[in-house]
Amino acid sequence: MSDENSFATLPLSKEMLENLKNIDYLKMTPIQAKSLPYVLEGRDILAQAKTGSGKTAAFGIGLLTKLDIKKFDIQSLILCPTRELAEQVALELRKLAKFKHNIKITTLCGGVAFKPQLNSLRHKAHIAVGTPGRIIAHLDKGSLKLDNIETLVLDEADRMLDMGFMEDIQKILSYMPKKYQTLLFSATFPDDIITLSKTLQENAISIKTMDIEKTNSVKEHFFQVNSNDKFQTLVDIFTTYKPKNSIVFCNTKIQAQELATSLRDKNIDALAIHGDLEQYERNDVLIQFKNESCPILIATDVAARGLDIKELSMVVNYDFPFTKETYTHRIGRTARAGKEGIATSLIDENDKDIDMVLKYSDIKILKNDRNFSLQPKNITLVIEGGKKDKLRAGDILGSLTKDGGIPSDMIGKIDILAKQSYVALHRDFIEKTFRYLKNGKIKGKKFSVWVLK
Ligand code: ADP
Ligand code: MG
């Protein structure tokens with residue numbers, strides 16, 4: 001390991017360094033190595049970094065180091081384009097914040113109830129992470145005060161502008177104090193990002209790591225198709241690569257929904273995620289994808305924003321994206337944090353003149369197997385009880401293994417939500433578990449259960 005990328009080269013406290021070691025952050029990623037020295041100096045930063053490059057620690061270590069924990073005021077505000085992304089950032093930050101007790105991080109996003117957020121703000125927090133719309137709602141109501149902000153972060157700023165948040169961002173800026181540090185992260189630098197930086201930053205240091213990360217082991221493969229063999233080519237791609245999990249991108253919601261149905265008809269398990277789904281439906285889909293109950297997620301770009309799927313084996317561009325930026329965003333979801341990944345793209349007659357295709361005209365022969373099927377390892381069981389019922393993952397695990405006789409290695413991820421819990425079970429054990437839970441109890445209480453499918 002080269003010492004120059006060690007966190008120990010930074011002026012960080014012993015506790016911070018100790019915690020980084022504990023959470024397996026052994027050396028800095030390129031964006032962290034390039035930006036953290038300046039972030040810690042208090043400089044404004046305009047950094048180009050794609051999804052999965054470790055941006056959260058690049059700003060998180062900075063703002064956590066500056067934090068006055070005894071002062072219970074919001075000292076850092078992190079703006080994100082989507083709720084999923086904000087929650088992901090909060091999760092990462094909480095890991096990074098474990099070097100001290102009692103650092104309070106609150107998420108303020110739309111699509112969830114307002115009241116708990118009010119309570120959380122009333123009980124004071126140090127750091128707020130959220131989406132622009134909901135943050136403005138709190139500012140208007142007076143429930144959020146930005147007078148003591150020391151650090152403002154705009155995460156995935158290009159996405160925020162794509163989604164039309166420019167005005168909202170301007171409005172939030174009008175609530176900010178005179179002096180604070182601004183850290184702006186973006187995967188691409190279109191003109192409006194440069195303009196945004198100029199209006200809100202002073203002598204910003206500009207950082208780019210794209211070139212280094214491009215070598216970040218995403219293997220790109222392109223396949224020429226026409227409208228008749230497009231679907232079969234997708235099936236052949238699965239047959240050939242047998243990815244453990246993959247995200248397939250479509251350009252429209254309808255296309256995404258139809259493709260998921262067509263694949264399931266072929267015994268290839270897939271679920272669609274797109275903007276027309278209710279929040280609870282999105283949750284159901286995401287939980288199943290993350291807990292290995294569904295190997296393929298069919299997504300539109302909007303729906304896929306901010307999804308952090310660890311260890312994603314493959315990205316498929318079923319519909320080729322309209323811009324290079326979108327292409328970069330999509331394929332950046334595989335090969336995260338230095339892992340290998342595959343990006344496959346179907347190119348049809350309309351995409352012929354895309355210059356990228358010529359650059360990567362690497363020929364790969366696809367296998368064809370009429371009987372190929374792709375089924376998930378697990379199936380998800382829903383228990384009609386959650387945090388509100390004081391259920392914890394340990395209670396469910398205990399009940400299933402001790403009383404239910406289910407081997408613990410057949411039980412996958414357990415997600416506890418407010419009113420429901422999701423348990424991933426090896427498909428061979430789903431029936432036994434279901435039968436047990438229908439009659440058995442958890443923590444002395446009976447809960448209704450059903451299988452998610
Ligand atoms: P981004 O915000 O750029 O999409 P994240 O900050 O969410 O990326 O980081 C992506 C993944 O890499 C996360 O799972 C995170 O825990 C991990 N990670 C980030 N920095 C490091 C590091 N220095 N060492 C090991 N893992 C890291
Ligand atoms: Mg992030």
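Me: In which helix is Ala304 found?
Reply: The model is predicted. Ala304 has its place within residues 301-304. That run is helix 14.

Me: Is Ala304 buried or exposed?
Reply: The relative accessible area of Ala304 is 1%. Buried means under 20%. Ala304 therefore counts as buried.

Me: How far apart in space are Ala304 and Glu84, C-alpha to C-alpha?
Reply: Along the chain, 220 residues separate Ala304 and Glu84. In space, the separation of their C-alpha atoms is 9.2 Å.

Me: How many residues surround ligand 1?
Reply: The closest are Tyr25, Lys27, Gln32, Gly52 and Thr56. They belong to a shell around ligand 1. The residues that surround ligand 1 number 18.

Me: Which polar side-chain atom lies 2.7 Å from an oxygen atom of ligand 1, and on what residue?
Reply: Three polar contacts can be set side by side. Lys27 uses a backbone N or O atom, 2.9 Å from a nitrogen atom of ligand 1. Glu92 places a polar side-chain atom 3.0 Å from an oxygen atom of the ligand. The 2.7 Å distance to an oxygen atom belongs to a polar side-chain atom of Thr56.

Me: What percentage of the area of ligand 1 does the protein bury?
Reply: Take ligand 1 alone. It then exposes 560 Å². Of that area, the protein buries 88%.

Me: Which elements give two or more residues to the shell around ligand 1?
Reply: Two helices meet this condition. One spans residues 55-66 and the other residues 83-96. They are helix 3 and helix 4.

Me: How many charged residues does the shell around ligand 1 have?
Reply: Sort the shell by class. Nonpolar residues number three, and polar residues number seven. The charged residues number eight.

Me: Between which domains does ligand 1 lie?
Reply: Residues of the shell come from 3-208 and also from 217-365. Both domains contribute, so ligand 1 lies between domain 1 and domain 2.

Me: What is the angle between the planes of Phe59 and Phe185?
Reply: The structure holds five aromatic pairs. Phe59 and Phe185 form one that is tilted, at 5.6 Å centre to centre. Tilted pairs fall between the stacked limit of 30 degrees and the edge-to-face limit of 60. Here the planes are at 55°.

Me: How many residues apart in sequence are the parts that the Phe59 and Phe185 pair ties together?
Reply: Phe59 belongs to helix 3. Phe185 belongs to strand 6, residues 181-186. The pair therefore ties together parts whose separation in sequence, in residues, is 126.

Me: What relative accessible area do Phe59 and Phe185 have?
Reply: Phe59 is buried, at 0%. Phe185 also counts as buried. Its relative accessibility is 0%.

Me: Which residues form one aromatic cluster?
Reply: Two phenylalanines and a tyrosine take part. The cluster is made of Phe222, Phe320 and Tyr327.

Me: Is Glu156 buried or exposed?
Reply: Glu156 is not a glycine, although its phi is positive, about 50°. It is found in the loop between strand 5 (151-154) and helix 7 (157-162). Its relative accessible area is 5%, and under 20% means buried, so Glu156 is buried.

Me: Is Lys390 buried or exposed?
Reply: Lys390 has a positive phi of about 60° and is not a glycine. Its loop runs between strand 14 (378-383) and helix 17 (393-403). Its relative accessible area is 60%, and over 50% means exposed, so Lys390 is exposed.

Me: How far apart in space are Asn267 and Phe372, C-alpha to C-alpha?
Reply: Asn267 has its place in the loop between helix 12 (253-265) and strand 10 (270-273). It counts as partly exposed, at 47% relative accessibility. From Asn267 to Phe372 there are 105 residues in sequence, and in space 7.9 Å.

Me: Which residue has its backbone nitrogen 2.9 Å from a polar atom of the side chain of Ser6?
Reply: Ser6 lies in the segment before helix 1 (14-22). It is buried, with a relative accessible area of 18%. The backbone nitrogen at 2.9 Å from its side chain is that of Ala8.

Terms used. Residues are numbered from 1 along each chain as its sequence is written. Chains are lettered from A and ligands numbered from 1 in the order in which they are written. This is a predicted model: local features need pLDDT of at least 70, side-chain atom pairs count only at pLDDT 80 or more; totals for chains, interfaces and linings use all residues. Side-chain values use heavy atoms; hydrogens and water are left out. A residue is near a molecule or strand if one of its heavy atoms lies within 4 Å of it. A polar contact is a pair of N or O atoms within 3.5 Å; within protein, one must be able to donate a hydrogen and the other to accept it, and residues adjacent in sequence count only if both atoms are side-chain atoms. Accessible areas come from the Shrake-Rupley method with a 1.4 Å probe; for residues, only the protein chains shown count as cover. Helices (H or I, at least four residues) and strands (E, at least two) are DSSP runs, numbered from the N terminus. Ala, Val, Leu, Ile, Met, Phe, Trp, Tyr, Cys and Pro count as nonpolar, Asp, Glu, Lys and Arg as charged, and the others, Gly among them, as polar. Domain bounds come from an automatic or database domain assignment. Rings of Phe, Tyr and Trp (its six-membered ring) pair if their centres lie within 6.5 Å; planes under 30 degrees apart count as stacked, over 60 as edge-to-face and the rest as tilted. Buried means under 20% relative accessible area, exposed over 50%, partly exposed in between (1.4 Å probe, protein chains only).
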